[in-house]
Every structure is written in structure tokens, then in C-alpha cells.
Amino acid sequence: MKSKITLKEIAQLLDRSANQLNAGSANALHSARQLALQRQQASTATWVDRHGLLHAHGTQQHRLLNWLIAVIVASLLLGNIVYLYHTSEHSHGDIDIAILTDDMPIDVYVD
Amino acid sequence: MNLLVSAADHLGATKLSTPQQLSEFLAQVERRAYKQAQFAVRDDHAALDIVQDAMMKLAESYGERPPEEFPMLFQRILQNTIRDYYRRQKVRSFWTTLMSSFSPQHESDDFDPLDTLQDKDNASQPDRPDDALLQSQLIAVIEEALSKLPLRQREAFLLRYWHEMDTAETAAAMGCSEGSVKTHCSRATHALSAMLKEKGIDLS
């Protein structure tokens with residue numbers, strides 16, 4: 001066996017060992033890689049524009065969905081505010097009419 | 001290249017990686033990653049599972065990141081996956097020990113360190129049988145010594161001297177300071193040197 005060895009030679013031997021993997025392990029690694037790549041394609045679909053920049057379809061869809069949710073929440077809030085405003089106005093109107101017609105319920109005077 | 005990336009970032013567009021680039025990267029690192037996991041867990045099937053997990057995590061969570069970020073991210077994920085495996089093993093061994101104390105003591109054959117020394121049947125051997133034998137013996141001795149190193153020392157040693165990362169890159173991949181990387185590397189080299197010396201090999 002060799003009596004002297006350097007760190008570089010250790011690295012070379014480790015590389016050799018990695019390249020001498022048995023067929024079973026090499027196939028398993030290949031399958032693992034394919035599986036991982038499928039996951040990537042499932043999570044984001046990408047395309048290249050004419051400037052060579054890559055865009056992710058998935059991220060745009062997510063962004064659109066976020067905007068849609070924000071718009072729905074905002075419109076619900078607005079609707080709620082408008083409804084509350086109208087109902088309170090209506091109840092004030094009832095009291096005003098009651099005051100004018102001297103037809104106030106007794107509990108109004110209790111306070 | 002960095003300028004281009006930062007300019008693209010500045011304009012609000014990042015150059016993302018393609019599935020082809022990720023595939024090339026994984027093909028390039030998968031064997032080394034497998035060996036790294038094997039040194040750490042000393043179990044072929046567990047090592048394969050760890051590498052597969054790490055590949056999937058990279059693809060799922062960081063698959064669209066710029067390709068130059070892949071090596072660091074993958075190493076970080078791989079180290080974390082190995083650590084998760086250790087944690088699970090620790091919990092499992094705790095319960096196994098607890099349960100075995102209630103059962104009769106019939107020790108089956110557990111892990112034997114000599115198993116790692118056995119050379120696998122492989123077709124790619126050097127031409128001369130003598131050289132092949134010597135080389136496989138040397139590889140076995142080195143791999144045995146590496147698997148005896150503490151986890152962090154082995155990580156630092158492999159990243160620095162096998163993956164040829166510089167101290168800053170190793171520190172980023174390991175999530176520690178550059179000073180810690182230097183300490184781990186120095187200790188690993190000393191320990192490795194001592195273990196190889198026992199076998200009549202001088203590490204210079």
C-alpha cells in the first residue's frame with residue numbers, strides 16, 4: 001500500500017470510489033434524480049422570454065390568486081361597512097319620526 | 001456574472017434555473033452526496049434515502065433559484081437531512097433500548113464496522129489487478145477513517161478538500177463561522193492523519 005498520501009490524492013481516491021458505485025446504487029440515484037425533477041416541474045412551470053430571462057408560471061398564478069383573495073376581502077369589508085351605515089341611518093330615522101310624532105316609547109324617558 | 005445577476009435583480013427579474021440546469025447539477029453531485037451520506041450513516045439504503053430526500057427538497061423548495069446557488073443550498077439540505085436521520089435514530093434507539101430491557105437478552109448481529117470495508121462488485125477497476133487491489137484497500141482505509149470522524153469535522157473536511165469549497169463557502173454551507181470551519185478542518189486533518197498513520201500511511 002502507498003506509504004505517503006496528500007489531501008489532493010485523498011480527494012481523487014474519493015472521486016474514484018464515487019465513480020465505482022455498483023449498478024444498483026447508480027440506478028437508484030438516477031431514479032431519485034428523475035423524481036426530484038418531476039417535483040420541480042410540478043411546483044413551477046417556467047418559460048424563457050426573448051431576453052433570456054426565465055419566468056415561473058406558478059408564481060404568476062400565485063400572485064393572481066393573492067390579488068383575487070385581496071379583492072374579495074376588500075369588497076366584503078366595503079359591503080359590510082355600507083350595510084352597517086344604512087342600518088344605523090335607518091334606526092336614527094325611526095327615532096326622529098317618533099320624536100316628531102310624540103310617540104316615543106317609555107324607556108327613552110327612563111334614562 | 002454576479003454583475004448580471006445583480007442587475008437583473010435590480011430590474012426586478014431574477015434569472016431562474018431551468019429543469020435542465022437542475023438535472024445537470026444533480027447528476028454532477030449525486031454520487032458524491034451518496035458517499036457523504038454513506039460515511040455519515042454507514043447504511044447504503046439510508047444513504048440513498050437521505051440523498052433522495054435532499055434532492056426532492058432542493059427541487060421543490062429551491063428548484064427555481066439561480067443555478068449558482070445550488071451547491072451551497074444542496075449541501076445545507078444534505079447536512080440537515082443527515083442530522084434529521086441521526087435524531088430519528090437517537091429516538092428509535094432510545095425506545096429500542098427501553099423495550100429490550102424488558103425482553104430476554106438475545107443480541108442479534110448489529111452494525112459491524114468491518115462491513116464498510118468490503119469492496120462492492122464493480123466493473124470499473126484499474127487495468128492491473130495488483131493496482132486495483134491496492135487502490136481499493138487504500139480507499140477502504142480512507143473511507144473507514146472518514147466515517148470515524150465526528151459529524152461536523154467530516155462535513156468540514158469533505159466540503160473543503162473534496163468539494164473544493166473555500167472557507168467562506170464551507171461556512172455558509174455548514175451554517176457556522178469561518179473560524180469554526182478552520183478549527184473543524186484542522187482537527188479532522190489531525191485525526192485522519194493519526195488514523196492513517198496506524199495503517200502505515202503518512203498524510204502530508
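This passage describes the predicted model, beginning with the make-up of chain A and then turning to one helix of chain B.

Chain A contains four helices and three strands. Read from the N terminus, these elements follow the order β-α-α-β-β-α-α. Burial is assigned to 12% of the 111 residues in chain A. As for confidence, chain A has a mean pLDDT of 79, with 78% of its residues at 70 or more. Among the elements of chain A, the highest mean pLDDT, 92, belongs to helix 1 (residues 7–19), whereas the lowest, 51, falls on strand 2 (residues 46–48).

In chain B, helix 8 covers residues 178–198 and offers a handy check on geometry. Its 21 residues, at 1.5 Å a residue, should span 30 Å, and the C-alpha atoms at its ends do lie 30 Å apart, so expectation and model agree.

The two faces of this helix are also worth a look. Buried positions in helix 8 of chain B are Val181(B), His184(B), Cys185(B), Ala188(B) and Leu192(B). These residues take up an arc of only 100° around the axis, and therefore sit on the same side of helix 8 of chain B. The spacing behind such a pattern is familiar: an α-helix makes a turn every 3.6 residues, so residues three or four places apart point the same way. On the face of helix 8 of chain B turned away from the buried side, the exposed residues are Gly179(B), His190(B), Ala194(B), Lys197(B) and Glu198(B). Just beyond the end of helix 8 of chain B comes Gly200(B), whose phi is positive, at about 85°.

Notes: Residues numbered from 1 in each chain as written. Chains lettered and ligands numbered in written order. Predicted model: local features only at pLDDT ≥ 70, side-chain atom pairs only at ≥ 80, totals over all residues. Helix = DSSP H or I, 4+ residues; strand = E, 2+ residues; numbered from the N terminus. Buried ≥ 20, exposed ≤ 12 C-beta atoms within 10 Å, placed from the backbone. Expected span 1.5 Å × (residues − 1). Arc of directions from axis to C-beta. pLDDT = per-residue confidence, 0-100.
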